[in-house]
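Biologist: I have the sequence and the coordinates open. Please take me through how to read them, one feature at a time.

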Amino acid sequence: MALPISPIQIPATADISSSIALPASTQPSGDFRGVLAGAIQNVEQTGNAATKAVEGFLSGNGQELHSAILAVQRADLAFELGLQVRNKVVSAYQEIMRLQM
Amino acid sequence: MATGLHEHRFMLDPLASKLEHYMDLLSARQKLVASNIANADTPGYKTQDIDFQAEFLNATDGAPVNPVEARGLAVRNDGNNVSIDREARLLSENALRFSIATNLMRDQIRSVKMAIEEGKSG
Amino acid sequence: MSLFSLLSVSESGMSAQRARAELLVENLANAETTRTPEGGPYRRKDAVFETAPADTPFSSVFETQLGQPQGVRVSQVVVDASDPERRYMPGHPDADKDGYVAFPRTNPAEDMVDLMGASRGFEANVSAISAVKDMIQRSIDLLR
């Protein structure tokens, strides 16, 4: 369990998606960037919610245990998803780089 | 319940949100059952409950749950109307339903996780 | 913390029923006690229950979801103030000048029934604790 969850470090690839020159017919760069941005935002938001929920439970403000645990699970899944998306982006980039050699 | 917690409902929804709400209500109900049992011999005490169906259909969670007086219970001489049998039954039922909900939830989490990891290869 | 507050509620129930049972046992044991340190025969004692907010050591006073969790406590012990039962027993060491002995006004049959009730009430609170422990454990299992 990663708490607190730190944001995925992918500044480089975020720039890359706009500079990848793909043939027009296979140009998904707009959607792709959107998916990426969404994944990052998802990780941040679920991560914050999880931290807040766990703190709420520990401080005894009425936060239910099962809610806090679910918030943590959501954050974990978002992180996992974000990780997979990033890996895809990185491998796509590497593929492109190799093709250009 | 901490406010704002239910704002970020990504991942797992919409089933998980319903299950979570269900579990919230079961917990609230169980708290009242415990109070009823503790006050089973308190003069004047009236059995408390929540209108489960209504609360569950009213899907805006994070809203406080309203305890109501249970109806149809016989009142004894000292004004108390707690039925230990009713409370014992509710105690078991709430715990059982909670267990069903957590199992369904675990399943859901596992499915999503698998779906994410499915995309790993290729 | 909501489910955890349930533990305090049930605990208060257990304490109250136990206190009640202790008084009932005392009544039963002293059904024939004609002499007490305070003078006179034993006088029956009754526990009076009252709803009381349960102790929530790990959470704030304001349980936002349902309001203060309602436990129970013994608000007072009522000592029977009625006149003792007088029986004619001239040879008894506690007999007064007329030969009457003052005996406690107790009702052992009723006290026995109440004792069973207190025991049942106690067990019901124990079950409540057990049920909520199960629910908490299952919440934790969601992490697996």
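Modeller: Start with the core. This is a predicted model. Its largest nonpolar core has 62 residues. A:Ala68, A:Ala71 and C:Ala128 are those with the most contacts inside this core.

Biologist: Which elements give two or more residues to this core?

Modeller: Go chain by chain. Chain A gives helix 2 (29–59) and helix 3 (65–100). From chain B come helix 1 (15–38) and helix 3 (84–118). Chain C adds helix 1, strand 1 and helix 2. Helix 3 of chain A holds the largest share, 13 residues.

Biologist: Take A:Ala68. What does A:Ala68 touch, leaving out residues up to four places away in sequence?

Modeller: Look for A:Ala53, A:Val54, A:Gly56, A:Phe57 and A:Gln63.

Biologist: Now the chains themselves. How many helices and strands does chain A have?

Modeller: Chain A has 3 helices and 0 strands. Along the sequence, the pattern is α-α-α. Chain A has 101 residues, and 35% of them count as buried. For range, take contacts in chain A between residues at least 6 apart in sequence: 67% of these join residues at least 24 apart.

Biologist: And which pattern does chain B follow along the sequence?

Modeller: Chain B reads α-β-α-β-α. That is 3 helices and 2 strands. Of the 122 residues in chain B, 39% count as buried. Among contacts in chain B with a separation of 6 or more, 66% come from residues 24 or more positions apart.

Biologist: Next, interfaces. How many residues does each chain give to the contact of chain C with chain B?

Modeller: Count each side separately. Chain C gives 32 residues and chain B gives 29. On the chain C side, the elements that give two or more residues are helix 1 (2–29), strand 1 (45–53), strand 2 (70–79) and helix 2 (108–141). Helix 2 of chain C gives the most to that side, 13 residues. Then check the chemistry. The chain C side divides into 13 nonpolar, 14 polar and 5 charged residues.

Biologist: How many residues does each chain give where chain A touches chain B?

Modeller: That contact takes 22 residues from chain A and 18 from chain B. On the chain A side, helix 2 and helix 3 are the elements that give two or more residues. Helix 3 of chain A gives the most there, with 11 residues. The chain A side splits into 7 nonpolar, 11 polar and 4 charged residues.

Biologist: Now a helix pair. At what angle do helix 1 of chain B and helix 2 of chain C cross?

Modeller: Read distance and angle together. The two axes come within 9 Å and cross at roughly 165°. An angle over 145 degrees counts as roughly antiparallel, so helix 1 of chain B is roughly antiparallel to helix 2 of chain C.

Biologist: Is the crossing of helix 1 of chain B and helix 2 of chain C left-handed or right-handed?

Modeller: The crossing of these two helices is left-handed.

Biologist: Which residues make the contact between them?

Modeller: Helix 1 of chain B contributes B:Gln30, B:Val33, B:Ala34, B:Ile37 and B:Ala38. Helix 2 of chain C contributes C:Ala124, C:Asn125, C:Ala128, C:Val132 and C:Met135. Sort the residues of this helix contact by type: 8 are nonpolar, 2 are polar and none are charged. You have met C:Ala128 already, as one of the residues with the most contacts inside the largest nonpolar core.

How values were computed:
Residues are numbered from 1 along each chain as its sequence is written. Chains are lettered from A and ligands numbered from 1 in the order in which they are written. This is a predicted model: local features need pLDDT of at least 70, side-chain atom pairs count only at pLDDT 80 or more; totals for chains, interfaces and linings use all residues. Helices (H or I, at least four residues) and strands (E, at least two) are DSSP runs, numbered from the N terminus. A residue is buried if 20 or more other C-beta atoms lie within 10 Å of its own, exposed if 12 or fewer, and partly exposed in between; C-beta atoms are placed from the backbone. Two residues are in contact if their C-beta atoms, placed from the backbone, lie within 7 Å. Ala, Val, Leu, Ile, Met, Phe, Trp, Tyr, Cys and Pro count as nonpolar, Asp, Glu, Lys and Arg as charged, and the others, Gly among them, as polar. A nonpolar core is a set of buried Ala, Val, Leu, Ile, Met, Phe, Trp, Tyr and Cys residues joined through C-beta atoms within 7 Å. Axes are lines fitted to C-alpha atoms, for helices over the stretch in contact, and angles run from 0 to 180 degrees between N-to-C directions. Angles under 35 degrees count as roughly parallel, over 145 as roughly antiparallel, 65 to 115 as roughly perpendicular and the rest as oblique. A crossing is left-handed if the near helix is turned anticlockwise from the far one by less than a right angle, and right-handed if clockwise.
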